[in-house]
Amino acid sequence: MRVKGLLILILWASVLTGQSNSWMPVDFWTDGAIRTMFADTIYGSLYLGGNIQSVNGMKASGTFRYDHSGPHVIDASFTIPYPSLCIALYKNEVYIGGFEGLYRFRNGSWDAVIDDPDSRIDALYVDNGMLLIGGLLGNTTGFVNPGIVQYDGNSFSIYNNAHNELYRYGEIYSLIRKDTLLIAAGDCDTTITKEIMAWDGSSWFKFIGGVQGGGLATYIEDMVVFQGELYVGGVFHKTDGAIANHILKWDGQQWQALGKGLVGEGVTSLIVYQDKLWVGGSFTHAGDFQVNSLATWDGVKWCRPFGDFNRPVYAMEIYKDTLYVSGDFYYLEGDPKKTAIVKYDPSKSVNCDITVGMEHITNGLETLSIYPNPVSSELNIRGLDAGKSYPYQIHGFQGRLVQAGQTGGSVDVSMLPTGLYLLHLTEGDVRRIGRFVRE
């Protein structure tokens with residue numbers, strides 16, 4: 001069993017170490033987290049927004065665009081109330097939604113389409129020649145609690161009776177079309193809509209079950225169509241009484257859980273890339289696997305992408321065939337360079353046939369007793385013979401060797417970045433292992 005476990009460990013380490021450069025920093029930095037991205041396929045730019053006032057030291061006013069030549073400020077003379085929460089391109093004009101309203105870039109400058117301190121725009125979606133707007137909408141549009149409004153570039157109208165059927169003391173976070181259905185989801189009255197409803201062309205209808213049980217906060221944050229089925233992610237734990245931790249799929253008849261789901265605070269972003277569903281948010285486990293804020297689902301099982309995020313993921317977007325991931329993280333794979341966005345090397349791929357769960361890595365190896373855990377400086381090891389010195393290695397969860405030496409019972413880990421690690425200790429022909437979190 002020890003030989004088998006060691007072989008699995010060696011395979012895991014060699015595979016992940018070879019892929020340790022799957023994520024690459026971009027050539028800009030911001031002064032805050034990027035919360036939304038939109039790839040403009042017409043003009044070839046990536047638009048980014050969030051809690052940002054500057055990019056590379058230049059005033060950004062809540063948003064900026066990026067292309068092959070680097071980041072570009074969009075009308076620095078106008079300050080958009082931040083954070084920006086959503087971006088869309090409609091009639092060749094850029095729209096930014098967020099706190100206090102909706103803003104449009106037209107003829108070289110920004111103007112306010114909705115300017116209302118009581119509004120919060122969470123979702124923008126172009127459908128059938130109209131810009132659909134969802135969120136917490138005040139009276140600026142001319143309607144009270146409209147749920148979803150549609151905009152033709154000049155005037156607003158309520159989207160298909162949404163004010164009566166959809167919006168009940170909450171707001172819309174996500175809009176998507178699947179076949180003939182326009183689906184709206186968010187933080188609605190759970191006793192009526194259970195967070196998600198759909199317009200079939202003639203009327204609104206409720207999905208059976210809905211989502212429930214997220215405590216004080218229960219909502220759907222994002223939706224995507226993957227392999228012909230609707231997937232939703234957010235903050236919830238149940239659907240119609242069944243366990244469904246933060247992510248579900250709708251097969252056309254009922255909701256289905258994705259294995260054991262996710263353990264953590266919830267999901268913020270979903271996207272399909274390289275024939276897999278990528279899930280970002282704030283969580284520590286996907287199914288039985290230990291992950292850090294990012295996981296993939298191949299339609300049958302959970303997989304762990306290479307790389308190690310130390311903070312939540314906020315948004316994902318595909319720009320020129322490359323996946324960009326943004327969030328509240330400041331380094332990736334042990335790199336101390338500050339960055340709030342990284343891109344995935346498109347030549348790499350996630351191999352779901354390789355077992356990368358921590359439970360499988362430690363199978364067959366003797367377990368070390370270590371404390372405190374989490375640890376900030378000195379990690380202590382129980383059960384070692386006094387006066388003896390033991391060789392040790394520390395590997396990051398992505399498989400890279402980050403520290404090695406000799407120990408008589410304690411290891412200084414104060415120089416390691418925060419994250420999850422494996423401590424390997426060799427005693428003769430016996431390999432012992434323990435996992436710990438550097439806080």
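Two residues are in contact when heavy atoms of theirs lie within 4.5 Å. In this predicted model, that definition picks out the surroundings of K249, which is in contact with E229, among others. The points below cover K249, then the salt bridges, of which a search of the whole structure finds nine, and then the largest pocket, with a volume of about 1300 Å³.

**K249 and its surroundings**

- K249 is part of strand β22, which covers residues 247–250.
- With a relative accessibility of 12%, K249 counts as buried, because buried means under 20% relative accessible area.
- Once neighbours within four places in sequence are left aside, the contacts of K249 are E229, L230, Y231, Q254, W255, Q256, L258 and G299.
- The side chain of K249 also makes a polar contact of 3.4 Å with the side chain of E229.

**Salt bridges**

- The structure holds nine salt bridges, and one of them pairs R104 with D111, with 3.0 Å between the closest N and O atoms.
- In this pair, R104 is buried at a relative accessible area of 6%, whereas D111 is partly exposed at 26% relative accessibility.
- Another salt bridge joins R120 to D122, and here the closest N and O atoms are 2.7 Å apart.
- R120 is partly exposed, at 26% relative accessibility, while D122 is buried, with a relative accessible area of 10%.
- R120 and D122 also belong to a network of salt bridges that includes E171.
- D179 and K178 form a salt bridge as well, with their closest N and O atoms 3.1 Å apart.
- D179 has a relative accessibility of 63% and therefore counts as exposed, since the cut-off for exposed is over 50%.
- Its partner K178, at 17% relative accessibility, counts as buried.

**The largest pocket**

- The volume of the largest pocket is about 1300 Å³.
- This pocket is lined by 41 residues, and those closest to its centre are T36, L85, E221, D222 and T268.
- Several strands give two or more residues to the lining, among them β2 (34–40), β8 (84–90), β10 (109–127) and β14 (171–178).
- Further strands that give two or more residues include β18 (219–226), β25 (276–286) and β29 (313–319).
- Strand β24 provides the largest share of the lining, with seven residues.
- Sorted by class, the lining of the largest pocket consists of 27 nonpolar, seven polar and seven charged residues.

Notes. Residues numbered from 1 in each chain as written. Predicted model: local features only at pLDDT ≥ 70, side-chain atom pairs only at ≥ 80, totals over all residues. Heavy atoms only, no water. Helix = DSSP H or I, 4+ residues; strand = E, 2+ residues; numbered from the N terminus. Buried < 20%, exposed > 50% of the residue type's maximum accessible area, 1.4 Å probe, protein only. Polar contact = N/O pair within 3.5 Å; in protein donor to acceptor, adjacent residues only side chain to side chain. Salt bridge = Lys/Arg side-chain N within 4 Å of Asp/Glu carboxyl O. 1 Å grid on protein atoms, 1.4 Å probe; cavity = no way out; pocket = protein on both sides within 12 Å on 5 of 7 lines; lining within 4 Å. Points joined across faces, edges and corners; volume = space filled by probe spheres on them. Nonpolar A, V, L, I, M, F, W, Y, C, P; charged D, E, K, R; others polar.
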